[in-house]
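Hi,

Here is the structure I promised to pass on to you. Please open it alongside this email, and then read on for what turned up in it.

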Amino acid sequence: LSMLVNIGTSVTAMLDLQQVLNSVVEAAVSVSDAEEGSLMLLDEQTGELYVRAAKNFDQKMVHTLRLPVKDSFAGQVIRSGEPVIIGGKGDQVKIKTQFLVKSLVYVPLRAPNKVIGVLSVDNRIEARSFEPSDVQILSLLADFAAVAVQNASLYAEVIRERNTLDAILHDTDDYVIVVDAND
């Protein structure tokens with residue numbers, strides 16, 4: 001519970017999106033007692049999920065892993081907006097070529113009116129299954145991550161607008177009055 005409170009506080013206090021996402025993945029692995037974790041965001045242009053933060057993953061895989069939304073378990077979470085729990089019985093499940101897991105949980109990162117990514121934890125060695133309580137906690141962490149992504153996007157938009165206004169004001173020789181549609 002204290003970890004959830006700390007993550008929630010950091011999401012509202014930090015402007016460094018990467019630091020927040022790394023903290024979310026770290027917490028997800030810790031609270032679920034998983035071996036690995038990742039946070040993937042949706043690239044709306046390609047329809048693929050790419051890894052934005054990871055813990056205990058091979059770095060080469062982190063930089064090259066792209067999962068299609070239309071025919072993957074993670075894509076199923078994007079399409080349905082519901083968590084997916086896989087494995088836990090000792091059998092390995094193929095997620096992608098050369099990526100086999102014994103158990104895995106995917107939970108959606110929900111923004112208003114859409115799913116923007118997936119938080120996942122997995123066990124590749126130990127055949128420990130994940131419980132509904134793990135899914136609940138991971139869903140809370142995913143919600144924190146979604147808020148952080150939205151905050152970062154809004155902050156970037158404000159900075160772009162400020163820079164545009166600065167350029168207008170500094171690059172003109174005459175005084176300019178800027179008004180909106182309502183004067």
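Below is a short tour of the chain, its salt bridges, a surface patch and two backbone spots.

First, please keep in mind that this is a predicted model.

**Overall picture**

The chain has five helices and eight strands. From start to end, these elements follow the order α-α-β-β-α-β-α-β-β-β-β-β-α. The chain has 183 residues, and 39% of them count as buried. If you look at contacts between residues with a separation of 6 or more, 53% come from residues 24 or more positions apart. On the outside, the chain exposes about 10,800 Å², with 52% of that supplied by carbon and sulfur atoms.

**Salt bridges**

The count of salt bridges comes to five. Here are some that you may like to find on screen.

Glutamate 26 and lysine 55 meet through their side chains, at 3.4 Å from N to O. This pair links distant parts of the chain, since glutamate 26 belongs to helix α2 (residues 17-32) and lysine 55 to strand β2 (residues 48-55), 29 residues apart. Are these two buried or exposed? Glutamate 26 is partly exposed, because its relative accessibility of 42% falls between the 20% and 50% cut-offs. Lysine 55 is also partly exposed, at 23%.

Another salt bridge joins the side chains of arginine 66 and aspartate 43, at 3.1 Å from N to O. Here, too, distant parts of the chain are linked: arginine 66 sits in strand β3 (residues 66-68) and aspartate 43 in strand β1 (residues 36-43), with their positions 23 residues apart. Arginine 66 has a relative accessible area of 28% and is partly exposed.

Next, look at lysine 114 and glutamate 44, whose side chains form a salt bridge of 3.2 Å, N to O. Lysine 114 is in strand β8 (residues 114-123) and glutamate 44 is in the loop between β1 and β2, so this pair ties together parts of the chain that are 70 residues apart in sequence. Lysine 114 is partly exposed at 43% relative accessibility, while glutamate 44 counts as exposed at 57%. Salt bridges with shared partners also connect Asp43, Glu48 and Arg66 in one network.

**A nonpolar patch on the surface**

Which residues form a nonpolar patch on the surface? They are Leu165, Ile168, Leu169 and Val178, and together they have about 340 Å² of accessible area. To find the patch, you can start from leucine 165 in helix α5 (residues 132-170). Leucine 165 is partly exposed, with a relative accessible area of 39%.

**Two backbone spots**

Most residues other than glycine have a negative phi. Two residues are worth a look with that in mind.

Aspartate 33 is not a glycine, yet has a positive phi of about 55°. You will find aspartate 33 in the loop between α2 and β1, where its relative accessible area of 55% makes it exposed.

Asparagine 113 is not a glycine either, and its phi is positive at about 70°. Asparagine 113 lies in the loop between β7 (103-111) and β8. With a relative accessibility of 83%, asparagine 113 counts as exposed.

Enjoy looking around, and write back with any questions.

Best wishes

Note on methods
Residues are numbered from 1 along each chain as its sequence is written. This is a predicted model: local features need pLDDT of at least 70, side-chain atom pairs count only at pLDDT 80 or more; totals for chains, interfaces and linings use all residues. Side-chain values use heavy atoms; hydrogens and water are left out. Helices (H or I, at least four residues) and strands (E, at least two) are DSSP runs, numbered from the N terminus. Buried means under 20% relative accessible area, exposed over 50%, partly exposed in between (1.4 Å probe, protein chains only). Contact means heavy atoms within 4.5 Å. Accessible areas come from the Shrake-Rupley method with a 1.4 Å probe; for residues, only the protein chains shown count as cover. Patches are made of residues with over 30% relative accessible area and no salt bridge: like charges are joined within 9 Å, nonpolar side chains (Val, Leu, Ile, Met, Phe, Trp, Tyr) within 5 Å. A salt bridge is a side-chain nitrogen of Lys or Arg within 4 Å of a carboxyl oxygen of Asp or Glu.
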